[in-house]
Amino acid sequence: MRMLSEANGSNGSIAGAGALLNILRDGQARTRAELVQLTGLARSTLAQRLDALLSQQWIIPTEEAISSGGRPAIAFTFNRTARVVLSADLGATHARVAVTDLGTTVLAERAAEVSIDRGPEETLGWLQRTFEEMLTETGHRPDEICGIGVGLPGPVEHSSGRPVNPPIMPGWDGFPVPEWLGSRLGAPVLVDNDVNIMALGEHWAARPESDHLIFVKIGTGIGCGIISDRRLHRGAQGAAGDIGHIRVASALGTVCRCGNVGCLEAVASGAAMAAKLSADGVEAEDSRDVVRLVRGGNTHAVQLIRQAGREVGDVLASIVNFFNPSVIVVGGDISEAGEQVLAGLREVIYSRSLPLATQHLTITASELGDRAGVIGAAVMVIEHVLAPGSVDRSVSAA
Ligand SMILES: [Zn+2]
C-alpha cells in the first residue's frame, strides 16, 4: 500500500508537465534557468517535468550558446513533429484531406470529388484508405497519429461527435463517426460541423489577434462559426451559428431543403443561385458553376450574387448588433467570387447595424480559402491533445 501511494505521489509531481509544455508551445527555446524564472518551480521539480516531456518527445533539447562566453547551455523547445494529425473537411460533393504536424504545417494534402450522400460507411471507408495512403506517403507509422479531426456538412452533436438529422447526408443520422473511424485507425477522433472547423482554422492561422470573430460559409448551404473570447462557441447542443435557416422576407414563397418556408439558404445559397440560373436557361449545377459564371462576367450571375450578398448581409446585420464581432470572415465556394459578394454584404451591414458595432468592424474574404476546414480540423485535434490535462495524462500513462 505504501509503495502504491509513493508511486501516486511521484505521478502527482508530473502533473504540471502539460502547463510547462503550454509555455514552450510558442516555439521559443528556453534553458532550465529561464524556465525556473518563468514558472517559479524548484529546479528539481522542473527537471522532473522536463524529463517527462522529453520521454514522450513533446519537447527536444537544443544547444544554445550563452552570450556571456560561458559553456553552451541546453535549451528546450516544443517538438512540432512529435506526432501527426489527420484531418478531413468533408463537403457535400468534395472533400479535402490532410496530414499535419502539431503546428498545423501541412505535410500532405489531397482534394477529391466525394459525395457525402453515398452514406457513412462508403465515405468513411474512402477516408480511412486515403489517410492510410497519405501516412505511407509522409513516412509515418499509425502509432504516431495523435488524433483525427473531421468536419461534416451538417449539424453534429459535439459531445458524441454524431451527426444529427443532417439534411443533405442520408444515412448519417446518429452514425458513430468517432467510434467507426477510431477503431480502424487507432486514434481518438473529433468531429464537428464544417463551418465550426473553418472558423477555428481561420482564427488560428490568419486572425489570432481577434477576440470575437464570425466565419460565414456561403456554399451549397449557408452557416456560420462563432469565435467568442477566442474560443469556438458551439452552443448547448452544437447547433449555434446555423444562420441558413433564419427567416427572411424575400424567401417567404420558397420551400427550403429543411422543409420550412422562408429560409435564407433557400434564396442566397450557391444551390439556390444555381437553381435560379438554370431555371432561366443558364447552365449551372452548383456553387462552383455560379462562381465560374460571375468570373466570366455573366451579368445575370453577377446580379444574383450581389443580391445574395445583401440577403446574407441582412441577417448578419442583426447578428452584428447582437454579438458585436470585430471581424466577419466570408468563406465557402461562393466567397471565391470575391468583391462581388462582399460588396452586397458590406452595403447592408454598414447601413443596418448600430454605428458602435460597425465602428471597427472588418468584413473580409477568408485568407485560407478552401484550406480553412482541414487546418481547423487539425487545430481542433491539437488543442485537445495538447491541453495541459491531456499532456499530463500522456506522461503519467507512459
Ligand atoms: Zn431551411
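Around the zinc ion, the 4 donor atoms subtend angles of 105 to 117 degrees, so the arrangement is tetrahedral (four donors earn that word if all angles lie between 85 and 135 degrees). For comparison, the ideal angle for four tetrahedral donors is 109.5 degrees.

Who holds the zinc ion in this predicted model? The protein donors are H245 (ND1), C256 (SG), C258 (SG) and C263 (SG), at 2.0 to 2.4 Å from the ion. Donors here are N, O and S atoms within 2.8 Å of the metal (3.2 Å for Na, K and Ca), and sites may look incomplete since water is not among the atoms. Along the sequence, the donor residues follow the spacing H-x10-C-x1-C-x4-C. H245 and C263 sit 18 residues apart, both in the loop between β13 and α8 (265-268).

Are these two donors buried or exposed? Buried means under 20% relative accessible area, exposed over 50%, and partly exposed in between (1.4 Å probe, protein chains only).

| Residue | Relative accessibility | Class |
|---|---|---|
| H245 | 27% | partly exposed |
| C263 | 2% | buried |

Now to the sheet. Its 5 strands form an open sheet with mixed pairing, in the order β13-β12-β11-β14-β15. Strands (E, at least two residues) are DSSP runs numbered from the N terminus, and two of them pair if DSSP finds at least two bridges between them. At the edges are β13 (231-232) and β15 (362-365), each pairing on one side only. Strands β11 (residues 213-218) and β14 (residues 327-331) run parallel, joined by 5 bridges; V216 has V330 in β14 as its bridge partner.

Residues are numbered from 1 along each chain as its sequence is written. In this predicted model, local features need pLDDT of at least 70 and side-chain atom pairs count only at pLDDT 80 or more, while totals for chains, interfaces and linings use all residues; side-chain values use heavy atoms, leaving out hydrogens and water.

Technical notes. Helix = DSSP H or I, 4+ residues; strand = E, 2+ residues; numbered from the N terminus. Tetrahedral: all angles 85-135°; square planar, octahedral: opposite > 155°, others 65-115°.
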